[in-house]
Amino acid sequence: MKEREEAPGPNHWACLAVMRFVLSCIVFMGHLSGLGIGGSFTERGVDYGELAAVVGFFAISGFSIANSISIRPERYILRRLWRIWPTYLFVFFFITLPVAWLLEKNHVQYFNNIAVTKGIVIGNLFMLQGLVVTAMETNTSTWTLAMEEFYYLLAPLFRKSPGIVLALITGISATSYALARDFGWIRFAGLTHGIAHLCFLWAWLLGFFFYRYRKSILAQMILLLLPVWLFCGWNELGGRWAVFTLLAATWVIASGDKIDLAMQRLPRVLVEIEYASGKFWNIEVAHLRRWMVFLGNVSYPLYILHLPVAYAIRLTGCSNWFVYFLAVLAVSLVVYLFVDKPNRGRWQTKKDKADPLVAQILASEGLADQQAAKTPGTPGVGTIGV
């Protein structure tokens, strides 16, 4: 298999951004169903597979990080720190901990009956979930974020590793996931000693490996079929529509050329529809792409705060799923606009902002600002979240 050097286009990153938002909503709906909210509607989140959505997240993350670190490995760790830590710390101190205190004050018993101890709080503060402590029951979603950060730290080693080594590590991790039930590893958010890190590394490396060899038909087949085979043939921990979730996420990763071509043809299609219908909407692809990117940017705060916000609303006795959705979306928008967005690209210097290579990194990492987007030769418009 030969490597392909050209970076994915802005339309591809925009579609990946929308997919991240959809995956976040699947996890959100599944957690609402677990709280007994929403009935048959939120059960669809369970049907589409919360764990399948997590696998999709990991694959997209691996693909994006491979792009970032291969284009410019300098200051890679600094970029990742600025990408995830400010928002994570804000949510931890101002949402997760206050909600944990409220739940304890109201004597709310968690489903898994795991008390929030000082050790767990400190471990979660430093994102050590899955290594030395379990995820706080107030916000169990962060177990995947802690794993993702661990994979970020390993990325420089993976970048220098030959393809056969990456394939071997992926195989070992996939085997661990396939045999997880036999070892009693079912609730991954409650595991420690790096077990979950090992069991899901294959999903992250799948995207990382595919970026390097994405012109190869074999790499495309592995990307599309390995998750389905593991979920359906071995460790069936997903919902009945989990296969659809997996295929949708991996197809968007694998079909960059097709997506870019379709988006290029979209203006002509829109014009034809407008003339045929007699209605003119004045829709531009650039505007559409900005909205797609915006949804992807919001997906990060939505993912890491939806559960504690849902717990807080549940204390009021509300059972309307629409209220939960609006509240979580509103809080996510506030955190994105006033916390996450202002910290994007803080690592940049004036020289960086004029560098087209940096603009490509910004497009894949969700750190682009308007100045970088307007730089001649940059591949995107607006920001693309990871």
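Colleague: What is the relative accessible area of valine 323?

Modeller: This is a predicted model, in which local features need pLDDT of at least 70 and side-chain atom pairs count only at pLDDT 80 or more, while totals for chains, interfaces and linings use all residues. Residues are numbered from 1 along each chain as its sequence is written, and side-chain values use heavy atoms, with hydrogens and water left out. Valine 323 lies in helix 13; helices (H or I, at least four residues) and strands (E, at least two) are DSSP runs numbered from the N terminus. Buried means under 20% relative accessible area, exposed over 50% and partly exposed in between (1.4 Å probe, protein chains only), so valine 323 is partly exposed, at 38%.

Colleague: How many residues does the largest nonpolar core have?

Modeller: A nonpolar core is a set of buried Ala, Val, Leu, Ile, Met, Phe, Trp, Tyr and Cys residues joined through side-chain atoms within 4.5 Å. Trp143, Tyr177 and Trp202 are among the residues with the most contacts inside the largest one, and its size is 104 residues.

Colleague: Which helix gives the largest share of this core?

Modeller: The share in question is 14 residues. They come from the run of residues 195-212, which is helix 8.

Colleague: Which residues does tryptophan 202 contact, leaving aside its neighbours within four places in sequence?

Modeller: Contact means heavy atoms within 4.5 Å. Once those neighbours are set aside, the partners of tryptophan 202 are Val55, Thr170, Ser173, Ala174, Tyr177, Leu226, Pro227 and Leu230.

Colleague: How many salt bridges does the structure hold?

Modeller: A salt bridge is a side-chain nitrogen of Lys or Arg within 4 Å of a carboxyl oxygen of Asp or Glu. By that criterion, the number of salt bridges in the structure is 4.

Colleague: How far apart in sequence are the parts tied together by arginine 83 and aspartate 340?

Modeller: The side chains of arginine 83 and aspartate 340 meet in a salt bridge, at 3.6 Å from N to O. Because arginine 83 lies in helix 4 (residues 76-105) and aspartate 340 in helix 13 (residues 321-340), the pair ties together parts whose separation in sequence is 257 residues.

Colleague: What is the relative accessibility of arginine 83?

Modeller: Its partner aspartate 340 counts as buried, at 2% relative accessibility. Arginine 83 also counts as buried, and its relative accessibility is 2%.

Colleague: Which residue forms a salt bridge with arginine 187?

Modeller: The closest N and O atoms of this pair are 2.9 Å apart. Arginine 187 counts as partly exposed at 30% relative accessibility, whereas its partner is buried, with a relative accessible area of 4%. That partner is glutamate 137.
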